[in-house]
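Trainee: Hey, I've got a new structure open and no clue where to begin. Can we go through it together?
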Amino acid sequence: MEKTVEKGKTLLVDGPASVTLTSGSAEVFGLPVKTASKVIIREGKRLPFSVEEKATFDVSLGEGATVEEMDENSIPPSWEKAYEELVNLQARPAISLILGTADSGKTSFATYLTNRLIREQCKVALLDGDLGQSDIGPPCTVAYTLPTKPTTDLFNLTAKNAFFVGITSPSSTVDKVIEGLTLLKEEALKSSPDFLVINTDGWIDEEEAVRYKSRVVESLNPHMVFCIQQGEELAPLMSKLERFKRTFVESPKAVRQRTHERRRNLRELGYIKYLKNAKVQSLPLNWLKVEEDELFGLSKKYENNQRVLRINALLGMKPLNILELPDKLHVIIGRNRWINSENIKKVEEYTKKKMVIIRKGEEEGLLTGLYNANKHFLGIGILKEIDFLRKTLKILTPVSGEVAGVTLGKLKLDKNFKEFPVFPEDNDSFKTFKKLF
Ligand SMILES: Nc1ncnc2c1ncn2[C@@H]1O[C@H](COP(=O)(O)OP(=O)(O)OP(=O)(O)O)[C@@H](O)[C@H]1O
Ligand SMILES: [Mg+2]
C-alpha cells in the first residue's frame with residue numbers, strides 16, 4: 001500500500017509491518033530513514049515516521065497491523081530540548097537515567113537520545129535496566145551495549161555484557177538488579193563513552209516501587225534524570241530525588257499502550273532471539289558454579305554425614321539430594337518415588353524443619369543464565385534435566401563451550417518459549433509475579 005504524507009505530519013505504523021520510504025524525507029526517533037531500505041516494525045510495537053519533506057511510503061501490513069496519519073510531529077518538542085540539555089552537560093562521561101511508568105515512551109526516548117548523539121559522532125553506552133521489557137539483553141536480564149549506528153529499534157542491538165536476574169519483575173529481587181546495574185555501569189564506563197544513557201523499568205506507582213527506584217538512582221548516581229510523564233505520575237518518586245538534576249519530558253500522545261498479554265508476547269520474541277539454534281548441552285556439575293539454587297542444593301555437597309544418614313533412615317529411602325535451609329528441608333526424590341507421611345513427620349520432628357518434597361522433573365523448563373570463568377554473560381538456556389546420578393545439568397542453549405557458571409532463574413519456559421511460574425499458587429513470590437506481569 002502506498003501512503004503520501006505532508007511535511008510536519010507523522011505516519012504511525014503498528015507492527016507487524018514493514019515500511020520503505022520511496023521519496024521525500026522522514027525520521028524515526030531521530031534517525032533519518034534511508035530511501036529504498038526497509039524498516040521492520042515488530043508485533044506490539046509502533047514506529048512514528050516524522051515527515052521532514054513530503055514523503056511517500058510503501059507500507060506492507062502483517063496480521064493485525066495498522067497504519068494511520070497524525071497531524072503533527074509525534075516526537076514532543078520537550079524531547080528535542082532534553083537532548084540539547086544533555087549535550088550541554090559539562091561532565092564526560094555524562095550519565096543520564098530515564099524514569100517513567102510502563103508505556104510512557106522510555107525505550108523510544110532512549111532510542112531518540114542515542115540516535116541523536118551518534119549522529120553527532122558521540123560515543124554512547126546504553127544500559128538497559130528493564131527486566132520485563134528488555135531492549136538490549138534477553139528477557140530477565142539487565143544489559144549494556146555500545147551502539148555505533150543509529151537504529152529504529154534497540155532490540156536489533158547486541159549486548160556487550162548482561163547480568164542474569166532470572167525473573168521479569170524486580171520486586172522480589174531488588175538487590176540483585178541493583179548489583180547487576182552497578183557492575184554493568186562500571187564495565188560500560190571502562191570503554192570511555194561520552195554519554196551513558198540508562199533506561200529503567202516502568203514499576204513506579206507503589207511505595208515499594210518508589211523505594212526501589214530511588215535506590216536505583218542513588219546507586220547509579222546520574223548527572224541528569226529524565227522524567228517522562230503525562231500528568232503527575234512521578235510525583236511521589238520526585239520528592240525522594242531532590243538532590244538530582246531532573247528534567248521533565250512529555251510522554252508522547254501517540255504512545256501505544258500494551259496489555260500484559262502483548263508484553264508477554266514481546267518477551268517471547270526475546271526468548272526466541274536468544275534461544276535460536278539451541279541444542280541440549282550436558283554440563284558436568286563438578287566444573288560448574290551454580291548460583292541462585294534455592295531448590296535443589298546443587299552447589300552443596302550431599303555428604304554422607306551422620307545427620308544425612310539419620311534423615312535417610314527416618315525417610316526409609318535414599319533421596320537423590322537433600323538441601324537444608326534455615327527453616328526448611330528440601331528432599332529431592334525420583335519421579336515415581338513416594339514417602340509415607342509417618343516418615344515425613346519423623347524427619348520434621350528430628351530436624352525441627354518443614355520438609356518439602358521435590359520430585360525429579362520439577363526442574364524441567366527453568367530459565368538459566370550462563371557465564372564463563374570471567375563472569376562474562378554467555379547467554380540464556382532452559383534447564384531440561386538435573387541428572388543427579390551422573391552429576392550433570394542438561395541445558396537447552398545456543399551457548400557452547402566456556403560455561404563455568406549457571407544461574408538458575410525463577411520462571412519456566414515451555415517448549416514454545418511461553419512463560420509459566422515456578423512457584424505454586426499460594427506462594428507469595430508467585431502472587432507478586434502474577435500481579436506485576
Ligand atoms: N513519539 C512516539 N510516537 C509514536 N509512537 C511512539 C512514540 N513514542 C513511543 N511510541 C510507541 O509507543 C509504544 C510504547 O513506547 P515505549 O516502548 O518506548 O515505552 P516504554 O515506556 O519503554 O514501555 P515499557 O514500560 O513497556 O518498556 C511503543 O510501541 C513505541 O514505539
Ligand atoms: Mg521500554
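Mentor: Sure, let's start with one residue. Aspartate 103 touches Val255, Arg256, Gln257, Arg258 and Arg263, leaving out residues up to four places away in sequence. Contact here means heavy atoms within 4.5 Å.

Trainee: Before I trust that, what kind of model is this and how is it numbered?

Mentor: This is a predicted model, where local features need pLDDT of at least 70 and side-chain atom pairs count only at pLDDT 80 or more, while totals for chains, interfaces and linings use all residues. Residues are numbered from 1 along each chain as its sequence is written, chains are lettered from A and ligands numbered from 1 in the order in which they are written, and side-chain values use heavy atoms, with hydrogens and water left out.

Trainee: Ok, back to aspartate 103. Where does it lie?

Mentor: In the loop between strand 8 and helix 2. Helices (H or I, at least four residues) and strands (E, at least two) are DSSP runs, numbered from the N terminus.

Trainee: Is aspartate 103 buried or exposed?

Mentor: Aspartate 103 has a relative accessible area of 9%, so it counts as buried. The cut-offs are under 20% for buried, over 50% for exposed and partly exposed in between, using a 1.4 Å probe and protein chains only.

Trainee: Which polar contact joins its side chain to another side chain?

Mentor: One of 3.2 Å, between aspartate 103 and arginine 263. The aspartate 103 side chain also reaches the backbone nitrogen of arginine 258, at 2.9 Å. A polar contact is a pair of N or O atoms within 3.5 Å; within protein, one must be able to donate a hydrogen and the other to accept it, and residues adjacent in sequence count only if both atoms are side-chain atoms.

Trainee: And how far is aspartate 103 from serine 251?

Mentor: Their C-alpha atoms are separated by 8.8 Å, although the two residues are 148 apart along the chain.

Trainee: Switching topic: what surrounds ligand 1?

Mentor: 23 residues do, and the closest are Arg46, Ser74, Lys106, Ser108 and Arg258. A residue is counted if one of its heavy atoms lies within 4 Å of the molecule.

Trainee: Which backbone atoms face its oxygens?

Mentor: An oxygen atom of ligand 1 is 2.8 Å from a polar backbone atom of threonine 107. For arginine 256 the distance from a ligand oxygen to a polar backbone atom is 2.9 Å, and for serine 104 it is 3.0 Å.

Trainee: Now the sheets. What order do the 7 strands have?

Mentor: The order is 11-10-9-12-8-13-14, in an open sheet with mixed pairing. Strand 11 (161-164) and strand 14 (246-250) are the edges with a single partner strand each, so one side of each has no neighbour in the sheet. Two strands pair if DSSP finds at least two bridges between them.

Trainee: How do strand 10 and strand 11 pair?

Mentor: In the antiparallel sense, over 4 bridges, with strand 10 covering residues 141-145. Threonine 141 stands opposite phenylalanine 164 in strand 11.

Trainee: Which strands does helix 2 touch?

Mentor: Helix 2 (residues 106-119) packs on the sheet and touches strand 8 (94-100), strand 9 (124-129), strand 12 (195-200), strand 13 (224-229) and strand 14; its direction makes about 170° with that of strand 12. Helix 4 (residues 207-220) packs there too, touching strand 8, strand 12 and strand 13, at about 175° to strand 8. Axes are lines fitted to C-alpha atoms, for helices over the stretch in contact, and angles run from 0 to 180 degrees between N-to-C directions.

Trainee: What about strand 6, what pairs with it?

Mentor: Among its partners, strand 1 (residues 2-5) runs antiparallel to strand 6 with 4 bridges, and strand 2 (residues 10-14) does so with 5 bridges. Strand 3 (residues 17-28) is antiparallel to strand 6 over 9 bridges, and serine 25 has glutamate 53 as its bridge partner there.

Trainee: Where is serine 50?

Mentor: In strand 6 (residues 46-61). Serine 50 is buried, with a relative accessible area of 5%.

Trainee: Last one: how is the protein divided?

Mentor: Into domain 1 (2-70), domain 2 (77-257), domain 3 (274-293 + 363-436) and domain 4 (306-359). The bounds come from an automatic or database domain assignment. The C-alpha centres of domain 1 and domain 3 lie 39 Å apart.
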